[in-house]
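Dear colleague,

I am passing on the structure we spoke about, and I would be glad if you kept it open while reading the notes below.

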Amino acid sequence: MSTGTSGLYFTFKPENAAFKAKVEELSGENIDLCFQCGACSSGCPLTGEMDLLPSTVIRYAQLGMAEVLESKTPWICITCFNCEIRCPRGIDIANVMEAIREMMLRTKYDKFTLDELTPEELRELPQIAIISNQRKLTA
Amino acid sequence: MRLAYYPGCTMKTDAKNFDESTYSAAEALGIELLEPTRWNCCGTVHALAKDNVMNYLAPIRNLIRVEQMNEAELVDDKRVVTQCAMCYNTLKRANAAAKADPDKMGKIRDFMEKEPNYQGSVSVVHMLELIKGLGWDEVKSKVVKPLDGLKVSPYYGCLLLRPREYGIDDPDHPTVMEDLLEALGAEVVDNPYKAKCCGAYHAVHMKEVAADLSYRILKQAQEAGADIIVTACPLCQFNLGDRQNEVKKHQREFEGIPVVYYTQLMALAFGKEGTGFEQNTPDPVPVLEEKGLL
Amino acid sequence: MEENESEMVTIHVMGKKHRVPADLTIMKAMEYSGHQFRRGAGCRGGYCGACAAMYRVKGSYKLQGALACQKIVEDGMYIAQIPFSPAEKITYDLLELRPDANTFLEYYPEISRCLSCNTCTKACPQDIEVMDYVQASLRGDVEEAAKLSFDCISCGLCAVRCPAEIVPYNVGQLARRLNSRYLIGPTKHVIKRVEEVEAGEFDADIDELKRLDRKTLQERYEGREVKL
């Protein structure tokens, strides 16, 4: 994905400020507290599946870069809160991931719909799996 | 002691053995569990977006039902006991938000109209907290068949312990399941992955990813010498137990290890009916027979 | 027809204002004001569920559901007919199903999206606890779901209002079918009566009815004993 930077410097434009403010509003987190130590990423059990590390997602958000909406990472995040107990700055990174998911879901975007499952899969899965999946991945 | 009990949907279907063994274990400890007459989905998973109100409706409705049970003096105190880790977390967090955010509560009240106002009197507890509160000596005194020689690896998963504010134990070094298992006479086997995610709802659309996460947990327990793994959540149970067939597709050498709910081992040690081992996949009966426990 | 202004009310049908007699149902008021029903009308007796309508009354934000053939108009009522809710007609072989939660999830997996918001219940003209039967289905309580949804006439208003895009009336129908097939089992008196019919016990009576003229048949029908 594109980084949104041009050359060696990055200009923080009004649209970046607006994006950052939206993330902070939805997540309730002060993302400027993050100093990029990477503890969240080191504790995350799912980084192998991600295109951006959780700490990188926070960096994108700090810079107000809407490109982060295209990242796989917020959808791979399963809100296990390992990052939450590790963050030395008290940020609940799962809340930030949810904010980014919500920004996509509120544009009529479904990450995954149940139409894609076979009857056999639907028979096998417990309700709790399907319910939580739908809560996180559909608008 | 008679307490309100919120079972949650999966406990009535795929995790019936969790529900039934909960009743058996509670009975042995002198606890009578009473379900609300009407309940709905707990609302899982807790909505993290700050402006979300809709997802609070389900948990708040359930808390209203419990509050009504209190008011009708059907139960002894204001606690509601949960078992499923996801129900626990969702109800606990919604309850906390209801108390902390009167604006949100006002919106919820206006939307629900016909429901009575939720006063915020209920306290949400997990069964493990309740048992811990009774004291391990009390638990030990009810054991008629100690789980001698059974090497058990406890698995906590995510939502019993995290976020820190809502966990039932120290998220870095939990001990409640270990203490319980020791009280039942089992030998506890530690698993460094005991609080790592099982894959949760990725089991629906990313089977391989969930199977890989589960495999790490299963493998660690097995290498540490465990005969059996114990869980406290129907989704963990599904991923670690039922989905071992998926794990085996990717890990040819993996031989499988039985996974049971902690209440099943309680019912067994207390000499009660309703252990429900026949519903578990893979079958835990051979290893329990081998240890002379069945 | 001579109009008595004191007994007339103003209603808005699909945004157009009409003066109609105050004692008419929504359906009759619409016909009175010139609408002709090609769809969205059936038994006219509140049983078939074809004539769902939604309305608001003056001074209230509440969006309410009703059967057009049952609801009497009110002054200042805003009315829209909702004769059909788009829903896939799912087919299944009842003899092949199991009466459990996963059967519901297999055919109507969207019930897992239910937020317990209760909007369906508020929309139901039959005063059914719709949300409760959807929730009962979700936890596999077939009997409860069947019992709660028993009065459903599939008018579709719940499905139109559901923010989780569930079609509750289809879920209730599946619950009732599963309940009848697997939990209640065959009804004994029906089986007995079928046996009697097959044994020819009623052949003579039927033959007699067949030979009657229209007038006598009508008299017999009107004079029949009805046990309620």
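What follows covers the contact between two of the chains and then the nonpolar cores.

Please bear in mind that this is a predicted model. Where chain B meets chain A, 44 residues of chain B are in contact with 39 residues of chain A, and the area buried between these two chains comes to about 3,600 Å², with carbon and sulfur atoms giving 62% of it. On the chain B side, L48(B), Y201(B) and V204(B) supply 20% of the area that chain B buries against chain A, which is more than any other three residues.

As for polar features, there are 19 residue pairs in polar contact across the interface of chain B and chain A, counting pairs with both residues at pLDDT 80 or more. The elements α3 (85-100), α8 (202-205), α9 (207-223) and α10 (234-242) of chain B each supply at least two residues of the side that touches chain A, and the residues of that side divide into 24 nonpolar, nine polar and eleven charged. Between chain B and chain A the count of salt bridges is three; D51(B) forms a salt bridge with R106(A), their closest N and O atoms being 2.7 Å apart.

Turning to the cores, the largest nonpolar core has 191 residues, of which I60(B), L184(B), Y262(B) and L265(B) touch the most other members, while helix α6 (residues 93-105) of chain A gives the most to this core, with nine residues. Leaving aside residues up to four places away in sequence, L184(B) touches several residues, including V139(B), L147(B), L265(B) and F270(B). Another core, of 27 residues, lies apart from the largest one and has V13(C), C51(C), V57(C) and I153(C) among its residues.

With best wishes

Technical notes. Residues are numbered from 1 along each chain as its sequence is written. Chains are lettered from A and ligands numbered from 1 in the order in which they are written. This is a predicted model: local features need pLDDT of at least 70, side-chain atom pairs count only at pLDDT 80 or more; totals for chains, interfaces and linings use all residues. Side-chain values use heavy atoms; hydrogens and water are left out. Contact means heavy atoms within 4.5 Å. Buried area is the accessible area (1.4 Å probe) that two parts lose on being put together, summed over both. A salt bridge is a side-chain nitrogen of Lys or Arg within 4 Å of a carboxyl oxygen of Asp or Glu. A polar contact is a pair of N or O atoms within 3.5 Å; within protein, one must be able to donate a hydrogen and the other to accept it, and residues adjacent in sequence count only if both atoms are side-chain atoms. Helices (H or I, at least four residues) and strands (E, at least two) are DSSP runs, numbered from the N terminus. Ala, Val, Leu, Ile, Met, Phe, Trp, Tyr, Cys and Pro count as nonpolar, Asp, Glu, Lys and Arg as charged, and the others, Gly among them, as polar. A nonpolar core is a set of buried Ala, Val, Leu, Ile, Met, Phe, Trp, Tyr and Cys residues joined through side-chain atoms within 4.5 Å. Buried means under 20% relative accessible area, exposed over 50%, partly exposed in between (1.4 Å probe, protein chains only).
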